[in-house]
Amino acid sequence: MAEQERDGEPAVEVLDKADDRDGGQGNLILARDVLPDTLPIVPVGRPLFPRMTLPMVLGSEGTRAMIESLLGDKKRHVGLVLRRGPTPGDGAGEAPPARPDDLYDVGVVAEIQHAAQSGPQGPIQMIVSTHDRFRVDRYLREEPWLLARVRYIAETDMTPNDELKAYSLSVVNSIKELVKVNPLHKEELSLLMQRANLSEPGRLADIAAALTTADPPVLQEVLETLSIRRRLHKVLELLRREIEISALQTRIQKQIEERLSKQQREFFLREQLKAIKKELGLAKEGKAAEVERFEQRLAELNPTPEARGRIEEELEKLRLLEPNSPEFAVARAYLDWLTILPWGVHTEDVGDLARAERILDEDHFGLEDVKQRIVEFLAVGLLKGRIAGSILCFVGPPGVGKTSVGRSIARAIGRNFYRFSLGGMRDEAEIKGHRRTYIGAMPGKFLQAIRACRSANPVIMLDEVDKIGASFQGDPASALLEVLDPEQNRDFLDHYLDVRFDLSNVFFICTANQEDTIPRPLLDRMEVIRLAGYILEEKLEIARRYLVPKQREAHGLKTGQLRIDRPALRAIVDGYAREPGVRGLEQCVRKVARKAARRLVAKEADAFRVKAADVPEWLGRRRFRDEARRGRAAPGVATGLAWTSLGGETLQVEATAVETGEAGFKQTGQLGKVMVESSEIAYTVVRAWLDGRPEGRAFFARRFIHLHVPAGATPKDGPSAGVTMAAALSSLALGRPLRAGLAMTGELTLTGRVMPVGGIKEKAIAAKRAGVRRILLPAENREEYEELPSHIRRGLDIRFVRTFDETMAEAFPGGRGRKSQPRKS
């Protein structure tokens, strides 16, 4: 006996030749009398337990050869040992030949009862009967198959033991409980009752472990456990886990069955409802219902003869198609578009100009010239009987109200409004639609807008028309020509619809930030209305009337909880929101409201009143400084006025000289070609102007002149800075600063004549914003300036100049040369 009784329970015996002391006449049968000492080893993917009969399939080439050699022997015994990795037939693919290190030490000996091979190279199917456990002493060889010397582990007769009996009963009861949870184990329970009894607890544990779905290493641990009590304990743990898994599986299965039965019940009920409605004549089949729906739509519309013929043709085609046909879905989608468009449906225009003026005044403060142009346009349309034919184009910097003015126009005349952006559009199919041969084809944006508005005469706003693109897919700007041309859009043909639709009653409004990038053929079809931006007084009223109440409501504040004084609003506009529009101003008001809301929640105060001195506390450091007012004017510095796509701006020009003994000139500040040429002309004009003065001639002859326009990171270009550059160079050469609070604009010729420039309104607004009071303008811009609204001209001292001599006379304090007659507004 290799093991004695331990833990108060019967032990097992490891038998070998040394145990044959009674010549085989005792109660024990020696393993060597019936089982060989050397066994060919077969690696398996799941351990087998003693005293069981079961089928096996072996597919590896070496194993097949071994089994074929054993089939001719009387004793056809093999050792079945668990492999520590994938084995053939366990779903892990064809594993390499097993080595001794790949196998566990304990296995079971099995006798081949029956074997059959399916084909020459097919796997061997066999029935085996397992007997005893064994432990591998050593491997005798590895090729052509594993051969090992083994020692058998046999169990002794079990003596009555209450603890083992309790364990055995627990195992049987656990399997009965498992049968209740999962009836599939019912057959396994009857098998267990036939093969095991309570007097053989070891065999009961082995058979119960074999019935579980535990992992192979866990089962191998049970196989290697020689203590009967510990083996039964482990098997009980496996059975309890198996019961939990089966209960969870049953619960999941029940949920799935309940869901499926509910869906099936609903399906049957729906089908019965359809059948009942069909019998009573309350509903029709799918195709008949679709056809009837399209016919009802057609009866309510007034399409053109071409459209009516196409609809009837498609309806006849739909009647012949089967609902399961792919053509049916295409035809139904096409008919849906044909019958959903508002053929002949128009909203009635409101011909009340006073109402239109009132709505425009309610929605917008300022912009008097723009509102006057709009009312005149509407008046012409009312006299003609139709507000169509012309296309308005609002051009101005961001945030001045271009889109909201278009929405107000639609409200004033009682039309539906639709807006979409053209910015970045590169495919003409978005304008004219896709052809129906493509999968997912759709009409273009204009027909989608007509469908959304449900009328054939809406107001359609095309935002960002100056940012439309072009690519290999086509040129959308060229496609827009047909849409926006009053002579062509009467018969607009969309590629998807393939039926002409009348767009001549649509009121088109376009918006842009600048005219330069709008294609010229497109611009010729538009009536341009420019929105230059707002001055400080207008922004104050807009903030007081619209922005502050809007942000109070958006942040959940009451009127008494947040008040912003008028001086505080002025400080916000002057120091934080100088752009032409009001978006920056609205962001500042939003920031104040947000901070007030936080302080109210924190109960720092019950109400807040923002004064001018408190603005830095709410908004931080000022973003803008008054360049024109900062410090004392110095020689070589001049203030100009420039126009940009964002409105007017003040522009500082600086000049300095370095004595090098010879003449020279350079310019910096990221100037464009036009400004570089303007600076060179200004340099020549100033040198010619000072040529009659010896000190002036000597100044340029011995010095290198450097002209700079600050903010070098910003590209600059344009034909209106020549006068400003010449004034800076003259101030540098004479050593005299220019008049304080002075700004100028204009272009110079080589003969000293001051040329007219554009953007007078934007430049005047920028000058007022920067605190400039005296402005030098070209004399040829006099009429354009006089057309400006009186509130913009108020407070400005305008001097018109024709030549560079007149410019210098007005630029220096006290004057120099012939003076021009000043003009005050």
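Start with the residues around the largest cavity: its lining has 8 nonpolar, 2 polar and 5 charged residues. Keep in mind as you go that this is a predicted model.

**Stop 1: the largest cavity**

Select Leu-367, Asp-369, Gly-533, Glu-538 and Lys-761. Of the 15 residues that line the largest cavity, these five lie nearest its centre. Now colour helix 12 (368–384), helix 25 (760–769) and helix 27 (790–793), the elements that each give two or more residues to this lining. Which of them gives the largest share of the lining? That is helix 12, with 3 residues. The volume of this cavity is about 80 Å³. A search of the whole structure turns up 7 cavities of 30 Å³ or more.

**Stop 2: the whole protein**

Zoom out and show the cartoon. You are looking at 28 helices and 26 strands. Of the 825 residues in the protein, 47% are buried. Switch to a surface view: the accessible surface comes to about 41,700 Å², and 50% of that belongs to carbon and sulfur atoms. As you follow the chain, look for places where distant parts meet. Among contacts between residues at least 6 apart in sequence, 73% join residues at least 24 apart.

**Stop 3: helix 19 and what surrounds it**

Select helix 19, residues 566–576. Which of its residues are buried? They are Ala-568, Leu-569, Ile-572, Val-573, Asp-574, Gly-575 and Tyr-576. Next, show what these buried residues pack against: helix 18 (536–554), strand 15 (562–564), helix 20, strand 16 (608–610), helix 21 (615–619) and helix 25. You met helix 25 at the first stop, where it gives residues to the lining of the largest cavity.

**Stop 4: Arg-599 in helix 20**

From helix 19, move to helix 20, residues 583–601, and pick out Arg-599. Is Arg-599 buried or exposed? Its relative accessibility is 13%, so Arg-599 counts as buried, the cut-off being under 20%. Display its partners as sticks: leaving out residues up to four places away in sequence, Arg-599 touches Glu-604, Ala-605, Phe-608, Glu-617 and Trp-618.

**Stop 5: Ala-727 in helix 24**

Now go to helix 24, residues 722–734, and centre on Ala-727. Ala-727 is buried, with a relative accessible area of 0%. Setting aside neighbours within four places in sequence, you will find Ala-727 in contact with Ala-638, Leu-738, Met-744, Phe-804 and Met-808. Add Gly-636 to the view as well. How many residues separate Ala-727 and Gly-636 in sequence? They are 91 residues apart along the chain, and their C-alpha atoms are 7.9 Å apart in space.

**Stop 6: aromatic rings**

Finish by showing the side chains of the aromatic residues. The structure holds 14 aromatic pairs. One of them is formed by Tyr-785 and Phe-800, which meet edge-to-face, at 6.1 Å centre to centre and with 70 degrees between the planes. Tyr-785 sits in helix 26 (residues 782–786) and Phe-800 in strand 25 (residues 797–801), so this pair ties together parts that are 15 residues apart in sequence. Both Tyr-785 and Phe-800 are buried.

For your last selection, choose Tyr-418, Phe-420, Phe-446 and Phe-508. Ring pairs link these four residues into a cluster.

Technical notes. Residues are numbered from 1 along each chain as its sequence is written. Side-chain values use heavy atoms; hydrogens and water are left out. On a 1 Å grid over the protein atoms alone, a cavity is a set of points where a 1.4 Å probe fits but cannot get out, and a pocket is an open set with protein on both sides within 12 Å along at least five of seven lines; lining residues have an atom within 4 Å of a point. Grid points are joined across faces, edges and corners, and a volume is the space filled by probe spheres set on the points. Helices (H or I, at least four residues) and strands (E, at least two) are DSSP runs, numbered from the N terminus. Ala, Val, Leu, Ile, Met, Phe, Trp, Tyr, Cys and Pro count as nonpolar, Asp, Glu, Lys and Arg as charged, and the others, Gly among them, as polar. Buried means under 20% relative accessible area, exposed over 50%, partly exposed in between (1.4 Å probe, protein chains only). Contact means heavy atoms within 4.5 Å. Accessible areas come from the Shrake-Rupley method with a 1.4 Å probe; for residues, only the protein chains shown count as cover. Rings of Phe, Tyr and Trp (its six-membered ring) pair if their centres lie within 6.5 Å; planes under 30 degrees apart count as stacked, over 60 as edge-to-face and the rest as tilted.
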